[in-house]
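Colleague: I am new to this structure and would like to know how its descriptions are justified. Could you take me through the reasoning, step by step?

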Amino acid sequence: MSIQSYRDLLVWQKAMRLAAESYRLAGLLPRAEEYRLTGQLLRAAASVPANIAEGHSRGTRKDYANFISIARGSLAETETILLLLVDVELLRDEQVRASLELCAETGRMLNALLGRLRGTLKPNP
């Protein structure tokens with residue numbers, strides 16, 4: 001299967017699942033957090049697939065790699081906020097477990113993609 005669009009990328013699909021799950025979790029947070037951690041979580045989570053899409057749509061590998069790097073930063077921010085929400089007891093471990101697993105898997109995929117774009121990893125046969 002060839003990649004015709006960023007929507008064909010498994011990493012983008014995984015990041016979209018993470019963003020959707022983040023929206024579900026945001027609905028569990030108190031209204032008082034709407035302009036604090038809730039907003040930050042939603043912006044960070046949405047930024048991951050958005051940067052993958054934008055990078056894929058750019059004209060050069062260098063631009064693509066830059067946007068994948070930005071997506072990695074947004075992913076780390078998303079993961080950090082999820083962990084903080086558990087630490088401050090706004091969410092429970094079991095509520096964020098699936099999202100944290102998506103973070104880990106998406107992170108591995110982004111790292112592999114970035115390595116291929118930078119020429120430090122060989123593509124799978």
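Modeller: Gladly, and please keep in mind that this is a predicted model. Let's start inside one helix: E21 and R24 are three residues apart in helix α1, so about one helical turn separates them.

Colleague: Why does a spacing like that matter?

Modeller: An α-helix has 3.6 residues a turn, so residues three or four places apart point the same way.

Colleague: What makes E21 and R24 a salt bridge?

Modeller: Their closest N and O atoms are 2.6 Å apart, and the cut-off is 4 Å between a side-chain nitrogen of Lys or Arg and a carboxyl oxygen of Asp or Glu. The pair therefore qualifies.

Colleague: Are E21 and R24 buried or exposed?

Modeller: E21 has 17% relative accessibility and counts as buried, because buried means under 20%. R24 has 43% and is partly exposed, a label for values between the buried limit and the exposed one, over 50%.

Colleague: How many salt bridges does the whole structure have?

Modeller: A search finds five. One of them joins the side chains of E105 and K14, at 3.0 Å from N to O. E105 belongs to helix α4 (residues 93-117) and K14 to helix α1 (residues 10-26), so this pair ties together parts that are 91 residues apart in sequence.

Colleague: How accessible are E105 and K14?

Modeller: E105 is partly exposed at 31%, while K14, with a relative accessible area of 15%, is buried. Another salt bridge brings together the side chains of E33 and R36, at 3.1 Å from N to O. Here E33 is buried at 11%, and R36 is partly exposed at 48%.

Colleague: Let's move to helix α3. How do you know that its length agrees with what is expected?

Modeller: With 27 residues at 1.5 Å a residue, α3 should span 39 Å, and its end C-alpha atoms are 39 Å apart, so the two values agree. Just after α3 comes E89, whose phi is positive, near 60°.

Colleague: Which residues of α3 are buried, and what do they pack against?

Modeller: Among them are Y64, F67, I68, S74, T78 and L85. The buried residues of α3 pack against α1, α2 (34-57) and α4.

Colleague: Why is T78 called buried?

Modeller: Its relative accessibility is 0%, and the limit is under 20%, so T78 meets it. T78 sits in helix α3 (residues 61-87). Setting aside residues up to four places away in sequence, T78 touches L18, S22, L41, A44, A45, V48 and C103.

Colleague: What lies 2.9 Å from a polar atom of the T78 side chain?

Modeller: The backbone oxygen of S74 does. A polar contact needs N or O atoms within 3.5 Å, so that distance falls inside the cut-off.

Colleague: What makes up the largest nonpolar core?

Modeller: That core has 29 residues, and those with the most contacts inside it are V48, I52, I68, L85 and L110. The elements giving two or more residues to this core are α1, α2, α3 and α4. The largest share, nine residues, comes from α3. As for I68, apart from neighbours within four places in sequence, I68 is in contact with I52, L110, L113, L114 and L117.

Colleague: Where is L91, and what does L91 touch?

Modeller: L91 lies in the loop between α3 and α4. Beyond residues up to four places away in sequence, L91 touches L25, L28, L29, L85, V86 and V96. The C-alpha atoms of L91 and L28 are separated by 7.8 Å, although the two residues are 63 residues apart along the chain. L91 has 4% relative accessibility, so L91 counts as buried.

Colleague: How many aromatic pairs are there?

Modeller: The structure holds one. The rings of Y6 and W12 have centres 5.3 Å apart and planes at 70°, so this pair is edge-to-face.

Colleague: Why is that the right label?

Modeller: The centres must lie within 6.5 Å, and planes over 60 degrees apart count as edge-to-face, so 5.3 Å and 70° satisfy both conditions. Of the two partners, Y6 is partly exposed at 26%, whereas W12 is buried at 14%.

Notes: Residues are numbered from 1 along each chain as its sequence is written. This is a predicted model: local features need pLDDT of at least 70, side-chain atom pairs count only at pLDDT 80 or more; totals for chains, interfaces and linings use all residues. Side-chain values use heavy atoms; hydrogens and water are left out. Helices (H or I, at least four residues) and strands (E, at least two) are DSSP runs, numbered from the N terminus. Buried means under 20% relative accessible area, exposed over 50%, partly exposed in between (1.4 Å probe, protein chains only). A polar contact is a pair of N or O atoms within 3.5 Å; within protein, one must be able to donate a hydrogen and the other to accept it, and residues adjacent in sequence count only if both atoms are side-chain atoms. Contact means heavy atoms within 4.5 Å. The expected span of a helix is 1.5 Å times one less than its number of residues. A nonpolar core is a set of buried Ala, Val, Leu, Ile, Met, Phe, Trp, Tyr and Cys residues joined through side-chain atoms within 4.5 Å. Rings of Phe, Tyr and Trp (its six-membered ring) pair if their centres lie within 6.5 Å; planes under 30 degrees apart count as stacked, over 60 as edge-to-face and the rest as tilted.
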